[in-house]
Amino acid sequence: MRKKMHSLEKPVDFNTYKQIFMNAINEVLLNSPERSLDEAAFPAYSHPNKIINEIYWTRLKIVFQEIKSIGNISQSLDYGCGSGILLPFLAHHSEHVMGLDIDINPSREIQKIIAFPTNITIKDLNVEPLSTLPKNHFDLITALNVLEHIDRPQETVDTLIYALKPGGRIIVSLPKENFLYYIGRKIAGKEFTGDYHKSDYANIVEIFNKKGLIIDLAKGFPYSSIFKIFYLQKK
């Protein structure tokens, strides 16, 4: 068993958090089959191109800042948690954290290197589907660059909002399928084809617009041109 090299059991500053995860991701990639962790965004968060790397980490920083602004959080959920890159931060700002994904192996591999806080539970959606989530349970739900991969985004959004408490927030990040984003994907390399996207941000944003007022979080070039990052507060 690989010895844990780092700990995120206690809060650290953003740059330290970033470096710990980048080191762990690179370590896991060295010991994993090629392309096996693309959908968990491993290549994005450890990309050697400084511009690509900075764009992805700034996206996460924007989400971190919004979470910090919320205040007391009892129950939080990260839908499509992937490597678990958001989970320790959520655990430092929430009493209980649940991570959900159809593939929990990436987060397991990361936890061989990074010690996570103990108030995190990661569940396999193949065993416990989204439909099992309790009504009005979560104060905060995050869904970062995951909804574009879903076959039925309307059904998924309905279920996530069903599980959100009145007054709770859902924070969403989506890649914009525009010219600038395609250029970025081409520069980033073969791991960023986007061929596995089932929907696009415009369709998903339309679904959320019918649910209520969405508040944009990504502002300024290039972030607002590449990602749509927003939150919706449940009435």
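1. Is strand β2 (residues 73–79) mostly covered or mostly uncovered? In this model, which is predicted, β2 is mostly covered, since 6 of its 7 residues are buried.

2. Two pairings of β2 can be followed from there. Strand β3 (residues 94–101) runs parallel to β2 and is joined to it by 6 bridges, with Tyr79 having Leu100 as its bridge partner in β3. Between these two strands the chain passes through α4, and the β-α-β crossover that results is right-handed.

3. β2 also runs parallel to β6, to which 3 bridges join it; here Asp78 has Thr142 in β6 as its bridge partner.

4. Turning to the packing, the largest nonpolar core has 44 residues, and those with the most contacts inside it are Phe21, Trp57, Leu60, Ile67, Leu86, Ile110 and Ile114. Among the elements that give two or more residues to this core are α1 (14–30), α3 (50–70), α4 (87–93) and β6 (138–144), and α3 gives the most, with 9 residues.

5. Phe21 shows what such packing involves: leaving aside residues up to four places away in sequence, Phe21 touches Leu8, Trp57, Ser83, Gly84, Ile85, Pro88, Ile110, Ile114 and Phe116. Another core, of 28 residues, lies apart from the largest one, and includes Ala143, Val146, Val205 and Leu232.

6. The length of α3 can be checked as well: because its 21 residues, at 1.5 Å a residue, should span 30 Å, the 30 Å between its end C-alpha atoms agrees with expectation. Gly71 follows α3, and the phi of Gly71 is positive, near 95°.

Terms used
Residues numbered from 1 in each chain as written. Predicted model: local features only at pLDDT ≥ 70, side-chain atom pairs only at ≥ 80, totals over all residues. Heavy atoms only, no water. Core = buried A, V, L, I, M, F, W, Y, C linked by side-chain atoms within 4.5 Å. Buried < 20%, exposed > 50% of the residue type's maximum accessible area, 1.4 Å probe, protein only. Helix = DSSP H or I, 4+ residues; strand = E, 2+ residues; numbered from the N terminus. Contact = heavy atoms within 4.5 Å. Expected span 1.5 Å × (residues − 1). Pairing = 2+ DSSP bridges. Right-handed = clockwise from strand over helix to strand, strands pointing away.
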